[in-house]
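Reader: I'm new to this one, so could you take me slowly through a single part? I'd like a close look at the enclosed spaces inside the protein, please.

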Amino acid sequence: MAAAALAPADSAALVAEHLSRSFGPVRAVVDASISLEAGSVTALVGPNGSGKTTLLLMLTGLLAPDAGRVEVRGLDVATSGAAARRLIGWMPDVFGTWETLTCREVLETFAAAYRLPPAVAKERATTLLATVHLVDLADAPSRVLSRGQKQRLGLARALVHSPAVVLLDEPAAGLDPRSRIELRGIVRDLAEAGVAVLVSSHELAELEEMVDAAVFLQRGVSSFAPPTAALQPWRVHVLDGAAFLAWSAAVGLGVTQEAGGAGAASAVDPAACAGPAGPTHPTGPAGPATFLVSLTGELQAAQLVRDAVTAGVALTRFGPAYGRLEQAYLAMDTDRR
Ligand SMILES: Nc1ncnc2c1ncn2[C@@H]1O[C@H](COP(=O)(O)OP(=O)(O)OP(=O)(O)O)[C@@H](O)[C@H]1O
Ligand SMILES: [Mg+2]
């Protein structure tokens, strides 16, 4: 009897349940489950060695799990072979290619492997070379590409057969700033077109700008809802550091001064700042300065701004010190291995 289909949400393009994989004594992925929605981008986040690449390889069907299964649009990747793989676009973290083939030939060869008619393959290669800005290198052997150019060719290769699910393993690694911005655009365009995208990256601020959901991996264990800390750091830029310190001491607000705006931070004990508030606190820097304050949320932040402005403390910028993904990551027990 055929195994019962997994029961994803209607729009889930890929569903994986209870995936596990060990390498000898190392439990790389432990009972991980994941669901990717059509038309959305999901982040895959976790420290080095947490099992991201291992999980992605199992989702593509390139690595057999010890337990669990993966379905793409209802097809089991373990048993449906080419039909399931045809639905998946895969960009590995390191892109190996046939060094003698030109960029265009790499794309046309992969398109042919997916049984695209030659005319369609040619057109697809031309379109994608333009998308990843490799038109000038279209007829150059792929071995001459720089690292970032190879990454871009790897992205084009992953998209050549117009897959329904796209899995990207650290696609931004080695890309210059403009290419990173373009990558975000390409990923969002894929989602707009109905593709389900899963993207792993350590660049959490960049990731945050393109994702709709996130899956966190900790020592191979997946979770959708990482713990969030009760207190979150906010960054405040002030015109007069001494005045801000004096005020924060007077109101009992614990602050940490950031050296050079975003460098090493040094704690400032509010107790040490006790005493009458005044514009020339002895430990405070004269002139512009940056501090971190721990707050419970936006309500407390709004109160801080109101109180500081009422007290005549000049704030020039104020906002969360980290994005939501960074915050969630920092709240995890981020053990590397
Ligand atoms: N082929 C393999 N043989 C033995 N151990 C492996 C193999 N592949 C992965 N591992 C181990 O499995 C664990 C997870 O590795 P994986 O590459 O999936 O991590 P990752 O989250 O992708 O890390 P990174 O952020 O560094 O890319 C690591 O401890 C790694 O050493
Ligand atoms: Mg990896």
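Author: Let's start with a term: a cavity here is a set of grid points where a 1.4 Å probe fits but cannot get out, and its lining residues are those with an atom within 4 Å of a point. Keep in mind that this is a predicted model. Searching the whole structure turns up two cavities of 30 Å³ or more.

Take the largest cavity, which holds about 60 Å³ of space. Which residues line the largest cavity? Going along the chain, they are T131, V132, R152, L155, L175, S179, E182, L183 and I186. Two helices, α6 (147-159) and α7 (177-192), each bring at least two residues to that lining. The largest share belongs to α7, with four residues. As for character, the lining of the largest cavity is a mix: five nonpolar residues, two polar and two charged.

Now for the other one. The second largest cavity has about 40 Å³ of space. Around it sit P171, A172, L183, V199, S201, E203, E206, L207 and M210. You've already met L183: it lines the largest cavity and also turns up in the lining of the second largest. Sorted by class, the second lining comes out as six nonpolar residues, one polar and two charged.

So, to look at them in the model, you could begin at L183, which is part of both linings, and then follow α7, the source of four residues in the lining of the largest cavity.

How values were computed:
Residues are numbered from 1 along each chain as its sequence is written. Chains are lettered from A and ligands numbered from 1 in the order in which they are written. This is a predicted model: local features need pLDDT of at least 70, side-chain atom pairs count only at pLDDT 80 or more; totals for chains, interfaces and linings use all residues. Side-chain values use heavy atoms; hydrogens and water are left out. On a 1 Å grid over the protein atoms alone, a cavity is a set of points where a 1.4 Å probe fits but cannot get out, and a pocket is an open set with protein on both sides within 12 Å along at least five of seven lines; lining residues have an atom within 4 Å of a point. Grid points are joined across faces, edges and corners, and a volume is the space filled by probe spheres set on the points. Ala, Val, Leu, Ile, Met, Phe, Trp, Tyr, Cys and Pro count as nonpolar, Asp, Glu, Lys and Arg as charged, and the others, Gly among them, as polar.
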